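Work through the exercises below with the model open. Try each task before reading its solution.

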Amino acid sequence: MDNKLTDLCMSDAKMLYQGSSIDDDLILIDDFTKIPKPDRPRRSTCIIVGLCLQGSGEYTTNTVKNEIHTNDVLIINDGQVIDDYKFNPDANGVALLMSYNFYHEIVQGVHELSSLFLFSQNHPVSHLLPNEVQSLMEYFNLIKEKVNDVYHHCRRDVVRSLIAAMIYDMNNAMYRIQLTNDKKLTRAEAIFAQFISLVEQHYHKERRVGWYSKQMCITAKYLSETVKQVSRRTPNDWIDNYVIVELRVQLRNTTKSIKEIAQDMNFPNQSFLGKFFKEHVGMSPLAYRKTL
């Protein structure tokens, strides 16, 4: 018997469910009861946002049971282990699946990202007000319309902007829920939130974990252990992700030379940037730009 934990990835989901999609980055599902249900625990390598419109069901994330009912929104983060799907026959809802990289392209400019991440970790299922449900459905339908418009020259950028707006509205709903919840951040969660806030401000110039730990007056080892405990990713993973997303954006949306981008992002030289980019993306910056 193979006991190895397998991944649930976007390419698998596309083969199992033929929803509206953009490459292996985004899938829209009109009936979330049709989300591929693994016959064993699987680790998600994508972000899943589901909205229950009627009925109820349950599932587990990291062995913790979550129940979902009408007007509930569920969020499954990258890296979480999901299992034990059970939906009532009358259950119905919609879902949106995003690759980790596409999600971070979208949320790069979203303020309070750490708060959004921590909230979804602590509240995988949240109950929405009727007007909030209506708003999310309006976003979903508009996003689906734009995804299906394959001849739109700026389809990907329009879709990314719409999802960013949807996330802001979701964040507002979560802020409302937090106001009625007296639970305070743990010490580890507060450190993670402070770290992400610093990364958002300084990733253009600083990529050393030691620099961030010094600003926070803690050791680099303690910072690394704490961030990994909260997010299942290392500080370097978070820093590198912000840098890669910014490099993708500049290569795609500006006419700057790679040398100029290297200077903007505080790389020692163009060659160093090239090695960094290829290590994380699998191709050189020039090859990436040509694919666009």
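**Exercise 1. Classify two cysteines by burial, then count the disulfides.**

Step 1. Cysteine 154 has a relative accessible area of 34%. Buried means under 20% relative accessible area, exposed means over 50%, and partly exposed lies in between (1.4 Å probe, protein chains only). Cysteine 154 is therefore partly exposed.

Step 2. Cysteine 46 comes out at 1%, so this residue is buried.

Step 3. A disulfide is a covalent bond between the sulfur atoms of two cysteines. The test used here is a pair of cysteine sulfur atoms within 2.5 Å. The count is 0 disulfides.

A note on the source: this is a predicted model, where local features need pLDDT of at least 70 and side-chain atom pairs count only at pLDDT 80 or more, while totals for chains, interfaces and linings use all residues. Residues are numbered from 1 along each chain as its sequence is written, and side-chain values use heavy atoms, with hydrogens and water left out.

**Exercise 2. Describe the surroundings of serine 99.**

Step 1. Find the element. Serine 99 belongs to strand β10 (residues 92–99). Strands (E, at least two residues) and helices (H or I, at least four) are DSSP runs, numbered from the N terminus.

Step 2. Check burial. The relative accessible area of serine 99 is 10%, so serine 99 is buried.

Step 3. List contacts, meaning heavy atoms within 4.5 Å. Neighbours within four places in sequence are left aside; serine 99 then touches Met10, Asp24, Asp25 and Cys46. Cys46 is the buried cysteine of Exercise 1.

Step 4. Look at the side chain. One of its polar atoms sits 3.1 Å from the backbone nitrogen of phenylalanine 102.

**Exercise 3. Analyse the salt bridges.**

Step 1. Apply the rule: a side-chain nitrogen of Lys or Arg within 4 Å of a carboxyl oxygen of Asp or Glu. The whole structure yields 11 salt bridges.

Step 2. Take arginine 176 and glutamate 132, whose side chains pair at 2.9 Å, N to O. Arginine 176 lies in helix α5 (residues 155–179) and glutamate 132 in helix α4 (residues 130–148); the pair is 44 residues apart and links distant parts of the chain. Arginine 176 is partly exposed at 29%, whereas glutamate 132 is buried at 13%.

Step 3. Take glutamate 206 and arginine 208. Their closest N and O atoms are 3.0 Å apart. Glutamate 206 is buried at 16%, but arginine 208 is exposed at 52%.

Step 4. Find a network. Salt bridges link Asp23, Asp25 and Arg156. Asp25 also appeared among the contacts of serine 99.

Technical notes: A polar contact is a pair of N or O atoms within 3.5 Å; within protein, one must be able to donate a hydrogen and the other to accept it, and residues adjacent in sequence count only if both atoms are side-chain atoms.
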